[in-house]
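Colleague: I should like to learn how the features of a fold are read from its coordinates. Could you take me through one case?

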Amino acid sequence: MVGVPLARRTRKRSRHTRLDAVLGYAALGWPSVPGAHPLRSGPRACSCDRVGCPDPGAHPVSPAWNIQATTDTAQLTRWWRYDPEANVILPTGRVFDVFDVPLSTGLSALARIDATETPSGPVAANGDRVLFYVATRGNPEDEDEWWSCQLDCDPATIEDTPGLRWHCRDSYVLAPPSTLTTGQPVSWLRPPDGRPLPDPLRVLEWLAD
């Protein structure tokens with residue numbers, strides 16, 4: 001690396017960060033798909049070029065994301081070599097579900113979990129939200145007690161936890177090391193380590209406490 005300018009080396013490392021991440025997720029059996037990313041031209045400018053994009057830098061590139069999401073390393077490599085800045089989208093309801101809660105709620109629950117030395121499972125910080133990755137219920141037989149959760153769906157049975165979003169089937173989350181419109185990265189507070197994901201109902205008890 002002697003003689004290579006530092007700025008160029010830094011850019012080169014940053015281009016591989018997302019690719020390294022999605023290949024790591026694939027090794028865990030977590031499918032991913034490219035997401036739009038924020039543009040430097042404005043605080044809410046999105047690479048999708050949609051005028052007035054309602055969720056800049058935080059949605060899949062393709063409307064067929066649910067079909068395209070994969071753990072195939074060759075396909076993932078092609079996608080992120082074509083667009084190294086693409087954010088990382090992880091579909092939920094396949095390997096895991098995600099509880100998405102306000103920052104204060106998430107940090108408080110995480111502190112209580114840590115105090116009991118109970119494994120929290122993977123936990124990510126996403127701006128003013130905290131995301132808890134839990135085992136998925138998938139498509140259980142008691143469908144009346146479960147639901148296909150959209151991004152802003154608040155389960156009616158969890159009145160004690162305002163602001164909770166439960167990402168399960170037909171939903172997705174923005175994953176580390178994606179970049180928010182603020183320039184802040186999505187980051188792991190507790191990275192995945194290959195251990196079994198926690199029971200969602202157990203984590204829900206911590207969040208609703």
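Modeller: The discussion below moves from the overall fold to one helix, then to the aromatic rings and the largest pocket. Please bear in mind that this is a predicted model.

Colleague: Which secondary structure elements make up the protein, and in what pattern do they follow along the sequence?

Modeller: The protein has five helices and eight strands. Their order along the sequence is α-β-α-α-β-β-α-β-β-β-β-β-α. Of its 209 residues, 41% count as buried. Among contacts with a separation of 6 or more, 73% are between residues 24 or more positions apart.

Colleague: How many residues does helix α4 have, and what should they span?

Modeller: Helix α4 covers residues 103–115, which is 13 residues. At 1.5 Å a residue the expected span is 18 Å, and the C-alpha atoms at its ends are 18 Å apart, so the two values agree.

Colleague: Why do residues three or four places apart in a helix point the same way?

Modeller: An α-helix has 3.6 residues a turn, so residues at that spacing point the same way. In the present case, the buried residues of α4 are Gly106, Ala109, Leu110 and Ile113. Viewed down the helix axis, these buried residues fall within an arc of 100 degrees, and therefore they line one face of α4. The face turned away from the buried side carries Ser104 and Ala115, which are exposed.

Colleague: Against which elements do the buried residues of α4 pack?

Modeller: They pack against the strands β3 (96–102), β4 (123–126), β5 (129–135) and β8 (187–190), and against helix α5 (200–208). After α4 comes Glu117, which has a positive phi, near 60 degrees.

Colleague: Is Leu110 buried or exposed, and with which residues is Leu110 in contact beyond its neighbours within four places in sequence?

Modeller: Leu110, in helix α4, has a relative accessibility of 5%; because burial requires a value under 20%, Leu110 counts as buried. Apart from neighbours within four places in sequence, Leu110 is in contact with Ser120, Val123, Phe132, Leu189 and Arg190. One may also consider Val203, 93 residues from Leu110 along the chain: the C-alpha atoms of the two are separated by 9.7 Å.

Colleague: Let us turn to the aromatic rings. How many aromatic pairs are found in the whole structure?

Modeller: The search finds ten aromatic pairs. One of them joins Tyr25 and Trp30, which are stacked at 5.7 Å centre to centre with 20 degrees between the planes. Both of these residues are buried. Trp30 also forms a stacked pair with Tyr133, at 5.5 Å centre to centre and 5 degrees between the planes. That second pair links distant parts of the chain, 103 residues apart: Trp30 is in the loop between α1 (6–27) and β1 (33–35), whereas Tyr133 is in strand β5. Tyr133, like Trp30, is buried.

Colleague: Which residues do the ring pairs link into a cluster?

Modeller: The cluster consists of Tyr25, Trp30, Phe96, Tyr133 and Trp188, joined by ring pairs.

Colleague: Finally, how many residues line the largest pocket, and which lie nearest its centre?

Modeller: The largest pocket holds about 550 Å³ of space. Its lining comprises 23 residues, and those nearest the centre are Asp55, Ala58, Asn126, Arg165 and Leu180. The strands β5, β6 (165–167) and β7 (172–175) each supply at least two lining residues. Strand β7 gives the most, with three residues.

Conventions
Residues numbered from 1 in each chain as written. Predicted model: local features only at pLDDT ≥ 70, side-chain atom pairs only at ≥ 80, totals over all residues. Heavy atoms only, no water. Helix = DSSP H or I, 4+ residues; strand = E, 2+ residues; numbered from the N terminus. Expected span 1.5 Å × (residues − 1). Buried < 20%, exposed > 50% of the residue type's maximum accessible area, 1.4 Å probe, protein only. Arc of directions from axis to C-beta. Contact = heavy atoms within 4.5 Å. Phe/Tyr/Trp six-rings, centres within 6.5 Å; stacked < 30°, edge-to-face > 60°. 1 Å grid on protein atoms, 1.4 Å probe; cavity = no way out; pocket = protein on both sides within 12 Å on 5 of 7 lines; lining within 4 Å. Points joined across faces, edges and corners; volume = space filled by probe spheres on them.
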